[in-house]
Structure formats: structure tokens, C-alpha cells
Amino acid sequence: MRLFLLVFSIFGLVIGCKVNVGSNESDTFKVSRLDLSNLNFEALKQNILIPKCLSCHRWVIDESLFARKIKYGSPDESDLFQRIESRQMPPKNGGLTSLEINYVRFFIQSYKGPTIPIKIPALEAKYSSLKYHLIDRSCLMCHDGTKRKPSLASYDQVRDHADDIVDYIEHGDVLGSPMPPLDDQGRPKAPVPSAEMLTLFKQWIQEGSLNN
Ligand code: HEC
Ligand code: HEC
């Protein structure tokens, strides 16, 4: 029986490892604007959680879910921080840089909890919903106005580039630059928007690209 359990748990470990499919990092993911004197969830999310964790953990973009994984004020008692500091997370590419680890440490130290409880908006043909589910999740890490053109950070910019956004998500491979781009091994560097998101985005354009 013992032997059976042992074999079984080794098997479990192997399966567990297989689940660890992540995306390779590239230069585009290099962290900028991480400023230890300005600790806030948005900066943490855009600079660390989206590029380094989102490929495996959807909860990182939701502050209220993220907040449940830490003990406010005590990084050393926070499971999430221990996993980062021990370089268990992210499991690939050698973990976070020391600046990133320190940012997480000081963030947790000063954190008092989500100020506004964030509700995940329903997926619908509205700008606020599509910004959350499509643009912020799949495009913003590169098109935030500091790195790649076009910037898709504001409503006006998304509206003005709406047709390009559709074209590059749908036919980017034919146009020569699939969006989100692929890494060396042909895996998307950011979550690929679902067909439903794309349909709703087109519907939003047809209905006048409103700031709703
Ligand atoms: C390549 C995929 C991958 C990436 C990237 C990744 N993780 Fe994980 N993470 C996992 C897997 C698989 C588990 C479950 C295995 C375990 O518990 O060790 C896990 C477990 C966790 C857990 C405990 C379980 C939970 O959901 O509370 C935390 C906390 C965590 N990861 C945080 C992070 C953070 C923070 C990052 C980014 C800095 C990150 N991970 C990046 C794959 C990943
Ligand atoms: C990992 C970084 C990254 C992500 C994520 C990303 N892009 Fe890009 N994007 C680029 C780069 C790099 C270029 C320049 C590519 C080129 O010229 O070959 C670019 C160019 C573009 C262009 C301009 C193409 C042109 O040549 O006129 C559009 C439009 C675009 N991206 C849309 C998107 C959309 C929409 C998303 C989200 C679904 C997205 N991108 C996600 C890196 C990214």
C-alpha cells in the first residue's frame, strides 16, 4: 500500500509539472516604471502580475482575489510572497528580479486591502467590459503608451484604432504580426482574446464605439 501511495504521488508530481505551461519571457516584458516610492496595486498588476503570472493565474488581475492570497502588512506570513521569494513562482525563467521581489515585499507591507471592491464586469458589448476582458488582459502590457505603438491605454485610442485591433487579432498572422505576438516556440505572449470577445468588440464598433 505504501509503495502504491509513493508511486501514485510521484505520478501526481509529474502530472503537476506538465500543468506548468507558461509563456517565455521576452524583452517586451521588461519591467519599467517600477518605483518603490509609489506602491499601488495597479503598478504591481501592470508591471509584475500581468506579465509574469497571468498566463497561469487568472485571479491576479482581480484585486479582491489577489488580496485574499496575502496577509496585509506581513509579506513573510503571505503564502504568495514566500512562493515568489523562494523563486517557486513564477516557475519558469528563474523567478522575478530582486527589484520586483522587493516591490511585492513593500507593497504587501504597506497594503491595507482593496480600497474599492473590484467587481469583474460581465462580458458584453461595452467599452468598460471589453477594456477589462480584452484590451487590458491581452494588449495593454505592450500597448500602454510607453512601449509599442499604437497606445491602447485610453478610450479615445481604442476607439481610433478599433478597426486595426480587430484586423490584427483576426488576421495578424497574414499581416505579418499576430497580436498578441508569439514567442520563439510559437506560443502567444499574452492571453488570446476569445471568439466571443471579438464578436462583442465588433458589435461595440457597430453600435458606435461608445464610451460606455
Ligand atoms: C507557468 C505557470 C505559472 C506561472 C507563470 C506562475 N505560477 Fe503560480 N502556480 C502555478 C502552479 C502549477 C501552481 C500550483 C502548484 C503549487 O501549488 O505549487 C501555482 C501555485 C501558486 C500559488 C498557490 C496557489 C494559489 O492559487 O493560491 C500562488 C500564490 C502562486 N502560484 C502565485 C504566483 C505568482 C504571484 C506568480 C507570478 C509572479 C505565479 N504564481 C506565476 C503555475 C504558475
Ligand atoms: C508582447 C507584446 C505585445 C502584445 C501583448 C500585443 N502587441 Fe501589438 N504590437 C507589438 C509589437 C512588437 C508591434 C510592432 C510589430 C511590428 O511592427 O511587426 C505591435 C504592433 C501592433 C499594431 C500595429 C501594427 C502595424 O504595424 O500597424 C496593432 C494594431 C497592434 N499591435 C494591436 C495589438 C492588439 C489589439 C493586441 C491585443 C490583442 C496586441 N497588439 C498585443 C507587441 C505586442
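1. The protein chain contains nine helices and zero strands. Along the sequence the pattern reads α-α-α-α-α-α-α-α-α. The model is predicted, and local features are reported where pLDDT is at least 70.

2. On burial and contacts: of the 212 residues in the protein chain, 23% are buried. Among contacts with a separation of 6 or more, 60% are between residues 24 or more positions apart.

3. Where does the largest nonpolar core draw its members from? The core has 20 residues, and Leu130, Ile135 and Phe201 touch the most other members. Helix H2 (41–53), H6 and H9 each supply at least two residues of the core. H9 gives the largest share, four residues.

4. Helices H6 and H9 also meet directly. The axes of helix H6 (residues 127–138) and H9 come within 10 Å and cross at roughly 145°. The crossing of H6 with H9 is left-handed. On the H6 side the contact is made by Tyr127, Leu130, His133 and Leu134, and on the H9 side by Met197, Leu200, Phe201 and Trp204. Seven of these residues are nonpolar, one is polar and none is charged. An α-helix has 3.6 residues a turn, so residues three or four places apart point the same way. Leu130 of H6 and Phe201 of H9 belong to this contact, and both are listed among the core residues that touch the most other members.

5. The buried residues of H6 are Leu130, His133, Leu134, Ile135, Arg137 and Ser138. They pack against helix H7 (155–160) as well as H9. Arg137, a residue worth inspecting by eye, is on the buried list.

6. Which residues are closest to ligand 2? The closest are Cys139, Cys142, Ser177, Met179 and Ala190, out of 20 residues that surround ligand 2. By class the shell has twelve nonpolar, five polar and three charged residues. Helix H8 (residues 162–175) gives the most to this shell, with four residues.

7. Two peptide bonds are cis and should be checked against the model. Most residues other than glycine have a negative phi, and most peptide bonds are trans. The bond joining Met179 and Pro180 is cis, with omega about -5°. Pro180 sits in the loop between H8 and helix H9 (195–206), and Met179 is one of the residues closest to ligand 2. The bond from Met89 to Pro90 is likewise cis, with omega near -10°. Pro90 is in the loop between helix H4 (79–85) and helix H5 (98–110).

8. What is the backbone phi at Arg87, and where does this residue lie? Arg87 has a positive phi of about 60°, although it is not a glycine. Arg87 is in the loop between H4 and H5, as is Pro90. Arg87 is exposed, because 12 other C-beta atoms lie within 10 Å of its own and the cut-off for exposed is 12 or fewer.

9. Ser209 is a further non-glycine residue with a positive phi, here about 45°. Ser209 belongs to the segment after H9. Is Ser209 buried, exposed or partly exposed? With 16 other C-beta atoms within 10 Å, Ser209 is partly exposed, because a buried residue needs 20 or more and an exposed one has 12 or fewer.

Conventions
Residues are numbered from 1 along each chain as its sequence is written. Chains are lettered from A and ligands numbered from 1 in the order in which they are written. This is a predicted model: local features need pLDDT of at least 70, side-chain atom pairs count only at pLDDT 80 or more; totals for chains, interfaces and linings use all residues. A residue is near a molecule or strand if its C-beta atom, placed from the backbone, lies within 6 Å of it. Ala, Val, Leu, Ile, Met, Phe, Trp, Tyr, Cys and Pro count as nonpolar, Asp, Glu, Lys and Arg as charged, and the others, Gly among them, as polar. Axes are lines fitted to C-alpha atoms, for helices over the stretch in contact, and angles run from 0 to 180 degrees between N-to-C directions. A crossing is left-handed if the near helix is turned anticlockwise from the far one by less than a right angle, and right-handed if clockwise. Two residues are in contact if their C-beta atoms, placed from the backbone, lie within 7 Å. A nonpolar core is a set of buried Ala, Val, Leu, Ile, Met, Phe, Trp, Tyr and Cys residues joined through C-beta atoms within 7 Å.
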